[in-house]
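Colleague: I'm new to this one and would like a close look at a single part of it. Could you walk me through it slowly and show me what surrounds it?

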Amino acid sequence: LNRCVKLCDFGLATEHNTCLNIGSQYDHTSCVGTMRYMSPEIYQGRNYNYKTDIYSLSLIGEQLFGIDLQTSQTFEANESVFKTSMQCMYRTLLAMMSTPNWRQRPECREVLAKSCDSGFGNRLAFRLNSMGFRVYACVLDTESTGAQDLSNKCKFLDEICIVRMDVTIDEDIDRCHEFVVADLQTSGRVLWSVVNNAGRMTYGHLEWGKFSQYTKVFDVNVFGVVRVTRKFIPLIRQSKVTNIIDIGRLVFTTSQSGRVAYDNLGPYCMSKAAVIAFTDVLRREMRPFGVRVSNIEPLLFKTAMYALAKPELNKNWSETEGQVREAYGQDYYERQIHILDFGLTVVKGSTNLDIVCNDLVDAVASRRPNKYYTPVNAWWLHGYHRLARLTPQWLIDHVFYAVNSTKPTFMHNNSNL
């Protein structure tokens, strides 16, 4: 029949002539559409943006849902507290959406996600983009496979921004901040959430390797998190001003190893414990501003860091001072390799990163996000975080003593000690 059905009129309509097949030729002017649903900036001939649709949607919603609740006989509406609350919420939403001042209308949410080259960050950027969020995906290398996948395979390519940022370099963070601010001002939006996901690890005994391994881990896992958070808090705080109902979010990916320290992962566990403490304090300090802070603590997931354990162990042992190497001996070092291989074989990390990504999405998008999330890859690990907090330290120590029972060469040479 060559006819079109128009389901919704958002005021600023587009003209399509199906007979002449010129559907791609249309004019966005106040001459096209229905005056009843046009926002003030349209019919006044002023510049407009996506918020003109918010205004029009509120008028359409008023017609679709404008039911007189006072005459309802389904419930005891006259005395119903629930009904009164619903009416109040409805009036608030309506007033918020139909305000003539476009700056006061609801915002589209935008998310800054760190370390999106691979792993949790990459998966999260894809997921949030598919949900309609505008995502600033921060990567170390814009030419990396993960960055290129985000640039070419996202559902909404115009809502993904790939930004290079090294969290250890202040100039990179400043440049990223300037880019985000400029983009927010152009679109008339606010920053909804910052997801801190960058991470670095090393593997080996605490006195093995160079001291620089400590500074490198802490510079990314701790100081990088603090740098980025402090820089972007003012933008997150602004989301409370422009969003009447919802409030901004600060999300951190830490680890269960920040609760229980594992042998050979000392610097990594120390850094994660520091970030957990940082998020606990930050959550209380951000509460007066209405900003929510969530901490994601995964356990045993195969990210890029999972495969770095053995290379890091070999590197740290080769860089250990001769006197320290002699104290431990080659047999002791090889025993550490055996323990690592056994652990990676028996306690297999999950490749299902969506388990963690689901919690990250909930922390960003949920109306009431949790303070802590503890994603695990098996049913028998669900109570691990509770059990670990209740287990006395002497028992945890004995478990690790049993796993690593090999004596260093120094003890064999001094058996009388």
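Colleague: Here's where I'd like to start: what do the side chains of Asp149 and Lys153 meet in, and at what N to O distance?

Modeller: Happy to, and please keep in mind that this is a predicted model. The side chains of Asp149 and Lys153 meet in a salt bridge, with 3.5 Å from N to O. Both partners sit in helix α5, and they are four residues apart, or about one turn of the helix. Now look at how open each end is. Lys153 has a relative accessibility of 58%, so it counts as exposed, because the cut-off for that word is over 50%. Asp149 comes in at 23%, so it is partly exposed.

Let's put that pair in context. The model has 15 salt bridges in total, and another one involves the loop that runs between α5 and β3 (160-164). That one joins Arg134 and Glu159, with 3.3 Å between the closest N and O atoms. Arg134 is in strand β2 (residues 134-139) while Glu159 is in that loop, so the bridge links distant parts of the chain, 25 residues apart. Both Arg134 and Glu159 are buried, which means under 20% relative accessible area. The pair also has company: Arg134 and Glu159 belong to a network of salt bridges together with Asp183 and Arg189.

For a bridge that reaches across a long stretch of sequence, try Arg123 and Asp354. Their side chains meet at 3.1 Å, N to O. Arg123 lies in helix α4 (residues 119-130) and Asp354 in helix α12 (residues 354-365), so this salt bridge ties together parts that are 231 residues apart in sequence. Each end is partly exposed: Arg123 has a relative accessible area of 31%, and Asp354 has 28%.

While we're on places that sit apart in sequence, have a look at Lys231 in helix α7. Its C-alpha is 7.8 Å from that of Ile173, although 58 residues separate the two in sequence. Lys231 is partly exposed, with a relative accessible area of 28%.

Helix α7 takes us to an internal space. How many cavities of 30 Å³ or more does the count come to? The answer is one, and its volume is about 40 Å³. Rolling a probe the size of a water molecule over the atoms shows where empty space is left. Three elements each supply at least two lining residues: α7 (212-242), β5 (249-253) and α8 (266-286). Among the lining residues are Asn196, Asn221, Val225, Phe252, Thr253, Lys272 and Val275. Sorted by class, the lining has four nonpolar, four polar and one charged residues.

Phe252 is a handy bridge from the cavity to the strands. It lines the cavity, and its bridge partner in β6 is Asn295. The strands β5 and β6 run parallel and are joined by five bridges. With α8 they make a right-handed β-α-β unit. On from there, β6 pairs with strand β7 (residues 372-373), again in the parallel sense, over two bridges. Asn295 turns up here too, with Tyr372 as its bridge partner in β7. Strand β6 (residues 292-296) is mostly covered, with four of its five residues buried.

Two loops on either side of β6 deserve a glance for their backbone. Most residues other than glycine have a negative phi, and most peptide bonds are trans. In the loop between β5 and α8 you'll find Asn264, whose phi is positive, about 75 degrees, although it is not a glycine. Asn264 has a relative accessible area of 7%, so it is buried. In the loop between β6 and α9 (309-318) sits Leu300, another residue other than glycine with a positive phi, near 60 degrees. At 27% relative accessibility, Leu300 is partly exposed.

To come back to where you began: Asp149 and Lys153 form a salt bridge inside helix α5, whereas Arg123 and Asp354 join helix α4 to helix α12.

Definitions and conventions. Residues are numbered from 1 along each chain as its sequence is written. This is a predicted model: local features need pLDDT of at least 70, side-chain atom pairs count only at pLDDT 80 or more; totals for chains, interfaces and linings use all residues. Side-chain values use heavy atoms; hydrogens and water are left out. On a 1 Å grid over the protein atoms alone, a cavity is a set of points where a 1.4 Å probe fits but cannot get out, and a pocket is an open set with protein on both sides within 12 Å along at least five of seven lines; lining residues have an atom within 4 Å of a point. Grid points are joined across faces, edges and corners, and a volume is the space filled by probe spheres set on the points. Ala, Val, Leu, Ile, Met, Phe, Trp, Tyr, Cys and Pro count as nonpolar, Asp, Glu, Lys and Arg as charged, and the others, Gly among them, as polar. A salt bridge is a side-chain nitrogen of Lys or Arg within 4 Å of a carboxyl oxygen of Asp or Glu. Buried means under 20% relative accessible area, exposed over 50%, partly exposed in between (1.4 Å probe, protein chains only). Two strands pair if DSSP finds at least two bridges between them. A crossover is right-handed if, with the strands pointing away from the viewer, the path from the first strand over the helix to the second runs clockwise.
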